[in-house]
Amino acid sequence: MFCKTKLGLGSMSLNYEINNTEHHTKKLSKDQLIVRRGQPFTVKVELTQPFNPDLYPLTITAETGKYPSENLGTKSCFGIPDKIRRSPSAKAVWKVELEKRSYPLTGSLNLTITPPADAPVGKYNLTARYRNEETLLATLVVLFNPWCPDDSVSLSDEAQRQEYVMNEHGIIYSGSENYIRSVPWDFGQFEEDMVKICLKILDVNPKHLANAANDVSARCNPIYVSRVVSAMINSNDDCGVVEGRWSAPYSGGNEPTHWSGSYPILKRWYDINCQSVKYGQCWVFAGVMCSVMRLLGIPCRVITNFQSAHDNNKNLTIDVYHADYGVREKETRDSIWNFHVWLECWMTRTDLAKDGKYDGWQVVDPTPQEKSDSVYCCGPAPVKAILDGETDLKYDVPFVFAEVNADCVDWLCKADGTMTKMLSDTKSVGQNISTKAVGSNTRLDITDKYKYKEGGSIFVSSVHRTFSQKLCGLSTCSLAYSSLAFLGFVFNHGVLLGRLPCSPLWLKQRWMVRSDTDVH
């Protein structure tokens, strides 16, 4: 398709069909250029006269956001020849090359343009300057690119890319650990207007409203984008997509079980001026977020954890209090869900380690359970860190670790203020962690990716690391409580204490922790 332009630029073709096919975005649009970063696309320019780059260079500018800046990576100037004067601190520099099949003497130019693999995702304007005149060449959208080895969401396996980016249909598991149900879910990431809807989610998030320039710049980072989307899917502290409700009545909306796909929810949110759609629960939040992330190009999959703990006070136990005769019962905010659903998103974590140790699947949870940095979002938490109990790492690793590892403890509250442990269940939490298998509708159990077999030496090391990190920086009183919690956790799980890097006796002596079951 050719479009007329002003100046010495006679006409231009954006090669929609070819470019969108090569960039795996053909399903999104036939008349809008949608490309992936780190991968070239081609345009054809017809000049009204011969092209002499030494006398009249062709300069192209790519800009995104309201406040484009070279230093923020939201503006890039490039051209033929590439003698553009740029800021010394310019980030995310685009490039253009003149293909060999061009005919400069007739003004027929075939250009290959490449957005960098770290470009912010979003809507861009491409403008061209030629013979001191300027015109808008195109408006395009740039997405993350799991097909590009240099992209931070690079995924090497094509079957996984097809499953976790391109597949519009999935399965979400629910029910209980002994009766697992398969619920079909239509992600619909290639439906009409999904690009506009997902970019709108980014543009109305509170971080963008507070500082649009920095927010658009940070969209180069899937870690940042996943946290923003996680917060925007729920409506607890912004104009998020879905309003949660966990019990009847569901007046003014639909029961969570009404929904079987993401697109009707996202389209309605967009059509009613970004007002939350009623109502959803964990599987709805996760399904909707999966659609948005796949549209943006971040590989993701839906995960179900059966017997999922909600550890409100971060002590790795789910505490239930029973009142002795004549004693007022003590309330608890801890709970166990028969199942809970979250996402895993694929990305590198060079912010945590340069050797790639924490690269790969990250837990991201849009269900509003607890605040993270004062916002109702969760993750990305590296699955590898959860497995190894490295709870000092960001984001929200302790909370997710407890969801799959917490003990269930029943306490008897006595009249003198002490509590006696009545019962401890160390095995119920974190069962049959499930996701849809690649290329089939079978259930894949990934429990071993989250937790080691209880009682083994690797499990001991993981638990000890978790509590050792919790001890750092605490007051003496808090240390005593945390040390006792660790001892209880170890004894509950039947661990061989001699394998620990430091013995429980040392902890008792250092912090004078009581060894009986009474806690004041």
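**Burial and overall make-up**

I began with burial: 54% of the 520 residues of the protein chain count as buried. I keep in mind that this is a predicted model. Next I looked up the accessible surface, which comes to about 23,200 Å². Carbon and sulfur atoms account for 50% of that surface.

For secondary structure I noted 13 helices and 24 strands in the protein chain. I then turned to contacts between residues at least 6 apart in sequence, and found that 63% of them join residues at least 24 apart.

**Helix α7**

I picked out α7, which runs over residues 263–271. Which of its residues are buried? I found Y263, I265, L266 and W269 on that list. These four cover an arc of only 165° around the axis, so they sit on the same side of α7.

My next lookup was what lies over them. The cover of the buried α7 residues includes three helices, α3 (194–203), α6 (222–233) and α8 (282–296). It also includes two strands, β13 (242–244) and β14 (277–280). Just for the backbone record, I also checked what follows α7: there is N273, with a positive phi near 60°.

**Strand β5**

Is β5 (residues 58–64) largely enclosed or left open? Five of its seven residues are buried, so the rest of the structure largely encloses this strand.

I went through its pairings one by one. With β6 (residues 75–80), β5 pairs in the antiparallel sense over six bridges. In that pairing I see I60 standing opposite F78 of β6. With β9 (residues 122–130), β5 again pairs in the antiparallel sense, over six bridges. Here A62 of β5 has L126 in β9 as its bridge partner.

A reminder to myself: strands of a sheet pair through backbone hydrogen bonds, either parallel or antiparallel.

**The six-stranded sheet**

I then traced an open sheet of six strands, in the order β19-β18-β17-β15-β22-β23, and its pairing is antiparallel. Which strands stand at the edges? They are β19 (381–382) and β23 (443–445). Each has a single partner strand, so one side of each is left without a neighbour in the sheet.

Inside that order I looked at β15 and β22. Strand β15 covers residues 300–310 and β22 covers residues 431–436. They pair in the antiparallel sense over two bridges. A handy pair to find on screen is F306, which stands opposite Q431 in β22.

Terms used
Residues numbered from 1 in each chain as written. Predicted model: local features only at pLDDT ≥ 70, side-chain atom pairs only at ≥ 80, totals over all residues. Heavy atoms only, no water. Buried < 20%, exposed > 50% of the residue type's maximum accessible area, 1.4 Å probe, protein only. Contact = heavy atoms within 4.5 Å. Areas by Shrake-Rupley, 256 points an atom, 1.4 Å probe, with all protein chains shown as cover. Arc of directions from axis to C-beta. Pairing = 2+ DSSP bridges.
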